[in-house]
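This report describes how the interior of one protein model is packed. It covers the nonpolar cores and then two helices.

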Amino acid sequence: MGGYNQAPPHMQQDQMMRGRGGGGGMMSNNMRGGGGGRGGMMQPPQQQQQQQQQQNRNNEIGECSPVVHLRNVTPEVSQLSIQTTIQAFGKIKNIVMLRQKNQALIEMESTADAQTLVDCFKDPGYVEIDGRRVYVRFSLHTELTATQHTSKTLLVSMFNTQYDVSAATHITPSIVFQIFGNYGPVERIVVLPKNESSAQNHNRVQALVQFDTKENAQTVKNTLQGQPVTLGETITFTLDIPVSYTHLTLPTKRIV
């Protein structure tokens with residue numbers, strides 16, 4: 001029995017070498033496993049930290065102000081949708097669309113209304129509008145003065161998120177006049193040609209519309225902003241009037 005249990009000397013040596021190798025291998029695996037385990041445990045916190053940093057950036061709401069700043073206001077996000085969403089928190093005193101920066105500024109009637117609005121979307125930091133995440137925080141501005149954004153000339157965009165308006169129909173000054181002429185005396189209209197700078201707004205046509213007074217222009221802007229327009233039976237687009245120009249030279253020729 002004893003001879004059966006004892007291996008020959010050359011086999012014992014081989015087993016000892018495998019044992020040391022196996023032991024070394026076990027130690028190495030344990031070290032790697034321990035290191036890998038620690039590394040695996042460290043990775044999720046790093047990811048969590050990055051996610052938390054991103055979350056903190058989204059939730060940086062700034063100092064309390066009656067003016068609220070919105071970003072990621074892409075061309076798909078209409079002012080009408082913004083107004084519909086925001087007015088649930090209080091009366092909107094003024095709104096400025098900064099289309100070139102994909103931003104918007106909204107002045108609420110009171111700081112308390114702005115506080116309620118920002119607090120509502122503080123976590124996760126954004127509100128879904130027209131399928132886009134629009135990030136909400138307080139603005140550095142404490143008010144939006146009407147004189148900074150009012151003139152007798154309006155920049156008008158006619159757009160449809162589903163197709164290029166200019167490809168669907170030819171927008172002429174006469175068509176623009178049919179839209180705006182009933183709301184006040186129109187002096188001049190210029191339909192702007194498309195260029196490289198308007199590539200990001202490929203689905204819209206823009207025009208400059210000059211009224212007789214800046215008061216009429218502001219009234220028309222507030223009345224028609226975000227309103228849908230239908231031409232014939234198939235062409236539909238939305239009016240976007242983000243800004244007005246205080247210094248602009250238009251052709252002297254009247255449209256009518």
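## Nonpolar cores

In this predicted model, the largest nonpolar core has 24 residues. Those with the most contacts inside this core are M158, I171, F180, F237 and L239. Two or more residues each come from β6 (153-159), α6 (173-180), β7 (186-191), β8 (204-211), α7 (214-224), β9 (228-231) and β10 (235-240).

Another core lies apart from the largest one and has 21 residues. Its members include V68, V77, V134 and V136.

## Contacts of M158

Leaving out residues up to four places away in sequence, M158 touches V165, I171 and V176. The contacts of M158 also include N203, R204, V205, Q206 and A207, as well as F237, T238 and L239. Of these partners, I171, F237 and L239 are, like M158, among the residues with the most contacts inside the largest core.

## Helix α3

Q79, S81, I82 and I86 are the buried residues of α3. Viewed down the helix axis, they fall within an arc of 160°, so they line one face of α3.

The packing partners of these buried residues are β1, β2 (92-98), β3, α4, β4 (126-129) and β10.

## Helix α4

Helix α4 spans residues 111-120, and its buried residues are A114, L117 and V118. They lie on the same side of α4 because they cover an arc of only 90° around the axis.

The cover over the buried residues of α4 includes the strands β1 (67-71), β3 (103-108) and β5 (132-138). Helix α3 (79-86) is also part of that cover.

Key: Residues are numbered from 1 along each chain as its sequence is written. This is a predicted model: local features need pLDDT of at least 70, side-chain atom pairs count only at pLDDT 80 or more; totals for chains, interfaces and linings use all residues. Side-chain values use heavy atoms; hydrogens and water are left out. Buried means under 20% relative accessible area, exposed over 50%, partly exposed in between (1.4 Å probe, protein chains only). Helices (H or I, at least four residues) and strands (E, at least two) are DSSP runs, numbered from the N terminus. The arc is that of the directions from the helix axis to the C-beta atoms. Contact means heavy atoms within 4.5 Å. A nonpolar core is a set of buried Ala, Val, Leu, Ile, Met, Phe, Trp, Tyr and Cys residues joined through side-chain atoms within 4.5 Å.
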